[in-house]
Amino acid sequence: METLFIFDDGASSTFFLYDLNDGNNRLIHFAPIIPIKQFTLGQLFVRETPERFMEIVSIAFGRSVSKYLIVTKSEGLAAVREAGLNQSGHFLVENPSAFTAVKNGKHYPAGPLSLNQEEIEAYISWQIDEDGDFGVFTRQEDVIRLLKKKLLKPKLSTITKNIGTVNTHTRTNLGMRDMLKLGSGYLAKGDARMLKTTVPSKGSYQLSGTFPYQLGQIDWEKNEIQLRKELR
(Lines give C-alpha, C1' and ligand atoms only; values in the text may rest on other atoms or scores of the structure.)
Protein backbone atom coordinates (compact mmCIF):
# COMPACT_ATOMS: atom_id res chain seq x y z
CA MET A 1 0.00 0.00 0.00
CA GLU A 2 1.30 3.44 -0.97
CA THR A 3 -0.37 6.20 1.04
CA LEU A 4 0.18 9.90 0.40
CA PHE A 5 0.07 12.01 3.54
CA ILE A 6 -0.38 15.67 2.63
CA PHE A 7 0.36 18.48 5.07
CA ASP A 8 -2.00 20.99 3.46
CA ASP A 9 -0.66 24.55 3.32
CA GLY A 10 -1.92 25.52 -0.12
CA ALA A 11 0.79 25.71 -2.80
CA SER A 12 3.38 25.25 -0.02
CA SER A 13 1.93 21.89 1.00
CA THR A 14 4.38 19.07 1.66
CA PHE A 15 3.97 15.46 0.57
CA PHE A 16 4.94 12.32 2.49
CA LEU A 17 4.56 9.04 0.62
CA TYR A 18 4.46 5.96 2.86
CA ASP A 19 5.35 2.77 1.00
CA LEU A 20 4.37 -0.36 2.93
CA ASN A 21 4.32 -2.72 -0.07
CA ASP A 22 5.91 -6.16 0.34
CA GLY A 23 7.14 -5.50 3.85
CA ASN A 24 8.65 -2.11 3.01
CA ASN A 25 8.78 0.64 5.60
CA ARG A 26 9.76 3.58 3.43
CA LEU A 27 9.01 7.29 3.50
CA ILE A 28 9.49 9.53 0.45
CA HIS A 29 9.39 13.32 0.85
CA PHE A 30 8.28 15.34 -2.18
CA ALA A 31 9.04 19.08 -2.20
CA PRO A 32 6.12 21.32 -3.25
CA ILE A 33 8.38 23.39 -5.52
CA ILE A 34 9.17 20.55 -7.95
CA PRO A 35 8.29 21.92 -11.41
CA ILE A 36 6.04 19.71 -13.54
CA LYS A 37 5.62 21.43 -16.89
CA GLN A 38 4.19 24.90 -16.18
CA PHE A 39 3.11 24.21 -12.57
CA THR A 40 4.78 23.17 -9.34
CA LEU A 41 3.70 20.07 -7.45
CA GLY A 42 2.14 22.29 -4.77
CA GLN A 43 0.18 24.27 -7.35
CA LEU A 44 -1.13 21.04 -8.90
CA PHE A 45 -2.35 19.90 -5.49
CA VAL A 46 -4.34 23.13 -5.13
CA ARG A 47 -5.78 22.89 -8.67
CA GLU A 48 -6.75 19.20 -8.74
CA THR A 49 -8.99 16.85 -6.78
CA PRO A 50 -7.19 14.48 -4.39
CA GLU A 51 -7.94 11.55 -6.69
CA ARG A 52 -6.53 13.31 -9.75
CA PHE A 53 -3.52 14.49 -7.77
CA MET A 54 -2.74 10.88 -6.77
CA GLU A 55 -2.81 9.95 -10.45
CA ILE A 56 -0.42 12.78 -11.28
CA VAL A 57 2.07 11.74 -8.58
CA SER A 58 1.86 8.10 -9.66
CA ILE A 59 2.47 8.89 -13.33
CA ALA A 60 5.08 11.59 -12.75
CA PHE A 61 7.29 9.56 -10.40
CA GLY A 62 6.52 5.94 -11.30
CA ARG A 63 4.58 5.20 -8.12
CA SER A 64 1.32 3.38 -7.36
CA VAL A 65 -0.43 5.76 -4.98
CA SER A 66 -3.91 4.56 -4.11
CA LYS A 67 -4.63 6.10 -0.70
CA TYR A 68 -4.39 9.61 0.69
CA LEU A 69 -4.72 11.41 4.02
CA ILE A 70 -4.86 15.22 3.96
CA VAL A 71 -4.43 17.29 7.11
CA THR A 72 -4.41 21.07 6.99
CA LYS A 73 -1.61 22.97 8.66
CA SER A 74 -4.17 24.57 10.99
CA GLU A 75 -5.41 21.12 12.06
CA GLY A 76 -1.82 20.06 12.72
CA LEU A 77 -1.26 23.10 14.90
CA ALA A 78 -4.55 22.41 16.68
CA ALA A 79 -3.36 18.87 17.45
CA VAL A 80 -0.20 20.33 18.98
CA ARG A 81 -2.28 22.68 21.14
CA GLU A 82 -4.53 19.81 22.21
CA ALA A 83 -2.04 17.04 22.85
CA GLY A 84 1.52 18.26 22.40
CA LEU A 85 2.01 21.17 24.80
CA ASN A 86 3.61 20.84 28.22
CA GLN A 87 2.23 22.50 31.35
CA SER A 88 3.86 25.82 30.46
CA GLY A 89 2.16 25.81 27.05
CA HIS A 90 5.28 24.95 25.03
CA PHE A 91 6.01 22.23 22.48
CA LEU A 92 9.25 20.34 23.10
CA VAL A 93 11.23 19.33 20.00
CA GLU A 94 14.71 18.11 19.15
CA ASN A 95 15.82 20.35 16.29
CA PRO A 96 18.27 18.33 14.14
CA SER A 97 20.01 21.35 12.57
CA ALA A 98 20.13 25.10 13.10
CA PHE A 99 18.14 27.30 10.70
CA THR A 100 16.50 30.70 10.39
CA ALA A 101 12.76 30.63 9.78
CA VAL A 102 11.61 32.72 6.84
CA LYS A 103 8.16 33.20 8.36
CA ASN A 104 9.26 35.03 11.52
CA GLY A 105 12.98 35.69 10.98
CA LYS A 106 13.83 33.81 14.18
CA HIS A 107 16.99 31.68 14.47
CA TYR A 108 16.36 28.16 15.78
CA PRO A 109 19.55 26.55 17.14
CA ALA A 110 20.16 22.81 16.88
CA GLY A 111 19.22 20.69 19.88
CA PRO A 112 16.28 20.61 22.30
CA LEU A 113 13.87 23.55 21.95
CA SER A 114 10.81 24.70 23.85
CA LEU A 115 8.56 26.52 21.38
CA ASN A 116 5.52 28.70 21.89
CA GLN A 117 2.63 28.48 19.43
CA GLU A 118 3.84 31.26 17.13
CA GLU A 119 7.30 29.69 17.00
CA ILE A 120 5.81 26.27 16.20
CA GLU A 121 4.06 27.54 13.07
CA ALA A 122 7.28 29.10 11.73
CA TYR A 123 9.21 25.96 12.70
CA ILE A 124 7.07 23.74 10.45
CA SER A 125 6.45 26.17 7.55
CA TRP A 126 7.85 25.21 4.15
CA GLN A 127 11.18 26.77 3.15
CA ILE A 128 14.61 25.99 1.78
CA ASP A 129 17.02 26.38 4.69
CA GLU A 130 20.16 28.53 4.66
CA ASP A 131 22.30 25.43 4.07
CA GLY A 132 20.23 24.66 0.95
CA ASP A 133 18.56 21.63 2.51
CA PHE A 134 14.89 20.71 2.97
CA GLY A 135 15.14 20.34 6.75
CA VAL A 136 11.49 21.27 7.14
CA PHE A 137 10.46 17.68 6.33
CA THR A 138 12.16 16.43 9.49
CA ARG A 139 10.71 19.30 11.51
CA GLN A 140 7.19 18.61 10.26
CA GLU A 141 7.50 14.95 11.21
CA ASP A 142 7.34 15.98 14.88
CA VAL A 143 3.78 17.19 14.28
CA ILE A 144 2.84 14.39 11.86
CA ARG A 145 4.03 11.79 14.36
CA LEU A 146 1.78 13.36 16.99
CA LEU A 147 -1.17 13.23 14.59
CA LYS A 148 -0.56 9.58 13.74
CA LYS A 149 -0.36 8.58 17.38
CA LYS A 150 -3.65 10.34 17.97
CA LEU A 151 -5.51 9.06 14.92
CA LEU A 152 -3.79 5.87 13.70
CA LYS A 153 -2.74 3.92 16.77
CA PRO A 154 -1.95 0.35 15.72
CA LYS A 155 -4.91 -1.23 17.52
CA LEU A 156 -8.19 -2.16 15.87
CA SER A 157 -10.22 -1.04 18.90
CA THR A 158 -8.54 2.40 18.90
CA ILE A 159 -8.92 2.85 15.15
CA THR A 160 -12.61 1.89 15.37
CA LYS A 161 -13.04 4.48 18.09
CA ASN A 162 -11.17 7.17 16.16
CA ILE A 163 -12.62 6.62 12.66
CA GLY A 164 -15.09 9.48 13.19
CA THR A 165 -12.29 11.78 14.37
CA VAL A 166 -10.22 10.96 11.28
CA ASN A 167 -13.11 11.70 8.94
CA THR A 168 -13.94 14.95 10.76
CA HIS A 169 -10.45 16.44 10.81
CA THR A 170 -9.01 15.13 7.54
CA ARG A 171 -9.79 14.40 3.92
CA THR A 172 -9.07 10.76 3.23
CA ASN A 173 -10.06 7.63 1.35
CA LEU A 174 -8.52 5.38 4.00
CA GLY A 175 -10.84 2.67 5.27
CA MET A 176 -10.57 0.92 8.60
CA ARG A 177 -8.41 -1.87 7.15
CA ASP A 178 -6.08 0.68 5.53
CA MET A 179 -5.72 2.58 8.80
CA LEU A 180 -4.87 -0.61 10.63
CA LYS A 181 -2.21 -1.48 8.05
CA LEU A 182 -0.70 2.00 8.18
CA GLY A 183 -0.78 1.99 11.97
CA SER A 184 0.77 -1.46 12.30
CA GLY A 185 3.38 -0.58 9.67
CA TYR A 186 4.69 2.89 10.36
CA LEU A 187 3.75 3.15 14.02
CA ALA A 188 4.59 -0.37 15.13
CA LYS A 189 7.95 -0.53 13.34
CA GLY A 190 8.89 2.99 14.33
CA ASP A 191 10.37 5.99 12.60
CA ALA A 192 13.98 4.97 13.27
CA ARG A 193 13.62 1.84 11.10
CA MET A 194 12.12 3.69 8.15
CA LEU A 195 14.11 4.27 4.97
CA LYS A 196 13.75 7.92 4.00
CA THR A 197 14.28 9.59 0.62
CA THR A 198 13.79 13.23 -0.34
CA VAL A 199 12.86 14.35 -3.85
CA PRO A 200 14.78 16.17 -5.17
CA SER A 201 17.80 14.85 -3.27
CA LYS A 202 20.45 17.16 -1.87
CA GLY A 203 23.22 17.76 -4.38
CA SER A 204 20.90 17.27 -7.37
CA TYR A 205 19.51 20.80 -7.56
CA GLN A 206 20.73 24.37 -7.83
CA LEU A 207 19.54 27.39 -5.89
CA SER A 208 18.98 30.88 -7.23
CA GLY A 209 19.29 34.21 -5.44
CA THR A 210 20.15 34.75 -1.80
CA PHE A 211 18.33 33.38 1.24
CA PRO A 212 15.39 32.86 1.14
CA TYR A 213 16.31 30.86 -1.93
CA GLN A 214 14.38 29.86 -5.02
CA LEU A 215 14.80 26.41 -6.55
CA GLY A 216 16.90 26.38 -9.70
CA GLN A 217 17.60 23.55 -12.13
CA ILE A 218 17.21 19.92 -11.01
CA ASP A 219 19.51 17.20 -12.37
CA TRP A 220 17.06 14.31 -12.31
CA GLU A 221 19.73 11.77 -13.24
CA LYS A 222 21.19 12.27 -9.74
CA ASN A 223 17.90 11.26 -8.12
CA GLU A 224 16.90 7.73 -7.22
CA ILE A 225 13.25 8.70 -7.79
CA GLN A 226 13.02 10.63 -11.04
CA LEU A 227 10.43 12.77 -12.75
CA ARG A 228 9.33 11.39 -16.12
CA LYS A 229 11.39 12.98 -18.88
CA GLU A 230 8.41 14.27 -20.83
CA LEU A 231 7.19 16.16 -17.74
CA ARG A 232 10.46 18.01 -17.01
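The protein chain exposes about 10,900 Å², and carbon and sulfur atoms supply 49% of that area. Keep in mind as you read that this is a predicted model. Of the chain's 232 residues, 49% count as buried. The secondary structure comes to 7 helices and 14 strands. Among the contacts in the chain with a separation of 6 or more, 58% are made by residues 24 or more positions apart.

## Helix H2

Let's begin the tour with a helix. H2 runs over residues 50-61, which gives it 12 residues. From its first C-alpha to its last, H2 reaches 16 Å, close to the 16 Å expected at 1.5 Å a residue. Its buried residues are Pro50, Phe53, Met54, Ile56, Val57, Ser58, Ala60 and Phe61. Just after the helix comes Gly62, with a positive phi of about 65°.

## Backbone features in the loops

A positive phi also turns up at Lys37, where the angle is about 60° although the residue is not a glycine. Lys37 sits in the loop between strand S4 (35-36) and strand S5 (39-40). Is Lys37 buried or exposed? Its relative accessibility is 52%, so Lys37 counts as exposed, given that the cut-off for exposed is over 50%.

Two cis peptide bonds are worth a look as well. One runs from Val199 to Pro200, with omega near 0°. Pro200 belongs to the loop between strand S12 (195-199) and strand S13 (205-208). Another cis peptide bond joins Phe211 and Pro212, and omega there is about 0°. Pro212 is found in the loop between S13 and strand S14 (214-218).

## The largest pocket

Pro212 also appears in the lining of the largest pocket, together with Ile33, Val102, Trp126, Gln127, Ile128, Tyr213, Gln214 and Leu215. The space in this pocket is about 150 Å³. By class, 7 of the lining residues are nonpolar and 2 are polar, and no charged residues take part.

## Four buried residues and their surroundings

Now to some individual residues. Which residues does Asp129 touch, leaving aside neighbours within four places in sequence? They are Phe99, Gly135, Val136, Arg139, Phe211 and Tyr213. Asp129 lies in the loop between helix H4 (117-123) and helix H5 (136-151). Because its relative accessibility is 2%, Asp129 counts as buried. Two of its contacts link back to earlier stops on the tour: Phe211 is joined to Pro212 by a cis peptide bond, and Tyr213 helps to line the largest pocket.

Arg139, one of the contacts of Asp129, has its place in helix H5. With a relative accessible area of 1%, Arg139 is buried. Outside its neighbours within four places in sequence, Arg139 is in contact with Asn95, Phe99, Tyr123, Ile124, Gln127 and Asp129. Phe99 therefore appears in the contacts of Asp129 and of Arg139, while Gln127 is also part of the pocket lining.Phe137 lies in helix H5 as well. Its relative accessible area is 1%, so Phe137 is buried. Setting aside neighbours within four places in sequence, Phe137 contacts Thr14, Phe15, Phe16, His29, Phe30, Ala31, Trp126 and Thr198. Among these, Trp126 is one of the residues that line the largest pocket.

Glu119 is found in helix H4. Why does Glu119 count as buried? Its relative accessibility is 11%, and the cut-off for buried is under 20%. Beyond neighbours within four places in sequence, Glu119 is in contact with Asn104, Lys106, Tyr108 and Ser114.

For three of these residues, the table pairs each with a partner further along the chain or back from it.

| Residue | Partner | Separation along the chain | C-alpha distance |
|---|---|---|---|
| Arg139 | Ser125 | 14 residues | 9.0 Å |
| Phe137 | Phe30 | 107 residues | 9.1 Å |
| Glu119 | Ala101 | 18 residues | 9.1 Å |

Phe30 appears in the table as the partner of Phe137, and it is also one of the residues that Phe137 contacts.

Key: Residues are numbered from 1 along each chain as its sequence is written. This is a predicted model: local features need pLDDT of at least 70, side-chain atom pairs count only at pLDDT 80 or more; totals for chains, interfaces and linings use all residues. Side-chain values use heavy atoms; hydrogens and water are left out. Helices (H or I, at least four residues) and strands (E, at least two) are DSSP runs, numbered from the N terminus. The expected span of a helix is 1.5 Å times one less than its number of residues. Buried means under 20% relative accessible area, exposed over 50%, partly exposed in between (1.4 Å probe, protein chains only). Contact means heavy atoms within 4.5 Å. Accessible areas come from the Shrake-Rupley method with a 1.4 Å probe; for residues, only the protein chains shown count as cover. On a 1 Å grid over the protein atoms alone, a cavity is a set of points where a 1.4 Å probe fits but cannot get out, and a pocket is an open set with protein on both sides within 12 Å along at least five of seven lines; lining residues have an atom within 4 Å of a point. Grid points are joined across faces, edges and corners, and a volume is the space filled by probe spheres set on the points. Ala, Val, Leu, Ile, Met, Phe, Trp, Tyr, Cys and Pro count as nonpolar, Asp, Glu, Lys and Arg as charged, and the others, Gly among them, as polar.
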